[in-house]
Amino acid sequence: MSAGPGRRPLVAGNWKMHKTIGEAEAFIQALLPRVSAGAHAEVAICPPFLALPAMVDSARGSRVQVYAQNMHQEQAGAFTGEVSPAMLVEAGAHGVVLGHSERREMFGESDKALALKLPAALAAGLVPVLCVGETEQEREAGETERKLRRQVQEDLAQVETERLGEVVIAYEPIWAIGTGQVATVEEAQEAIAFIRALVADRSGEEAERARVLYGGSVKAENAAELLAEPDVDGALVGGASLDPESFAAIVEAAG
Ligand code: PGA
């Protein structure tokens, strides 16, 4: 565990479209005894919407917080199939993942929408976890920094400067998601330091406060060395967060 001065590491498990309410209950009952109460790092699980209230109930009083995986920017309206910030807050969610590459690639999530979602989440009192990252092609073409710059600048454009430090950013190289092909610690550290520098272009102070996570094939076996990098403030975990034992091991690695 390292995380910079004053930054509390965050380990978040993104379940994607996995686990019924019953399966989620079984998971949380198995996880809670495995995550020690007094530890430093924050822990979040991001279940599908339907399991969210049950997870909030079951995790109450524990160290585990519950985040959603997506959100619409408006409070209410004619947006069939969407869920609003107010609905998430009432259900007890603490934060929300925004702009995951699966939503960007498969469901047309745009930077324009994200620029509205980020301030809406903050206004509702939710911790936003903004996902950014390059494709394999973009990395090979030397376009990683250009992609990250565009995503970070556009998606955070409407967040007030003094609130930038409340945003969590997850660097998730798309080629590392669900592939078992984890970024090297150097690649992760370099991209994350670059992301922090982009935030620092607006405010050095807020950039020091903002947590930047790594995501993409994080496992119990590689978590400790990734989390030891000075700019890596935690992990967004997909596949390995579905099993309580492997998720607990990653949480332990974060301290
Ligand atoms: P993975 O997914 O850990 O299964 O690679 C990470 C993510 O999509 O957030």
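How many bridges join strand β1 to strand β8, and do these strands run parallel or antiparallel? In this predicted model, four bridges join β1, residues 10-14, to β8, residues 234-237, and the two strands run parallel. If you would like one position to look at while I speak, take Val11, which stands opposite Ala235 in β8.

That pairing belongs to a barrel, into which eight strands close in the order β1-β2-β3-β4-β5-β6-β7-β8, with parallel pairing. Neighbouring strands of this sheet are turned against each other by 25 degrees on average, with direction ignored. As a general reminder, strands of a sheet pair through backbone hydrogen bonds, and they may do so in either a parallel or an antiparallel manner.

Let me turn to one of the helices. Helix α5, which spans residues 111-124, lies across β4, residues 95-98, and β5, residues 127-132, and it runs at about 170 degrees to β4.

Strand β5 also comes up in my last topic, the interior space, since at least two residues of the lining of the largest cavity come from β5, and at least two from α4, residues 101-106. The count comes to one cavity of 30 Å³ or more, and the volume of the largest cavity is about 50 Å³. Its lining consists of Gly99, Ser101, Arg104, Cys131, Val132, Gly133, Gln151, Glu172, Ile174 and Ile177, and, sorted by class, this lining has four nonpolar, four polar and two charged residues.

Note on methods:
Residues are numbered from 1 along each chain as its sequence is written. This is a predicted model: local features need pLDDT of at least 70, side-chain atom pairs count only at pLDDT 80 or more; totals for chains, interfaces and linings use all residues. Side-chain values use heavy atoms; hydrogens and water are left out. Two strands pair if DSSP finds at least two bridges between them. Axes are lines fitted to C-alpha atoms, for helices over the stretch in contact, and angles run from 0 to 180 degrees between N-to-C directions. Contact means heavy atoms within 4.5 Å. On a 1 Å grid over the protein atoms alone, a cavity is a set of points where a 1.4 Å probe fits but cannot get out, and a pocket is an open set with protein on both sides within 12 Å along at least five of seven lines; lining residues have an atom within 4 Å of a point. Grid points are joined across faces, edges and corners, and a volume is the space filled by probe spheres set on the points. Ala, Val, Leu, Ile, Met, Phe, Trp, Tyr, Cys and Pro count as nonpolar, Asp, Glu, Lys and Arg as charged, and the others, Gly among them, as polar.
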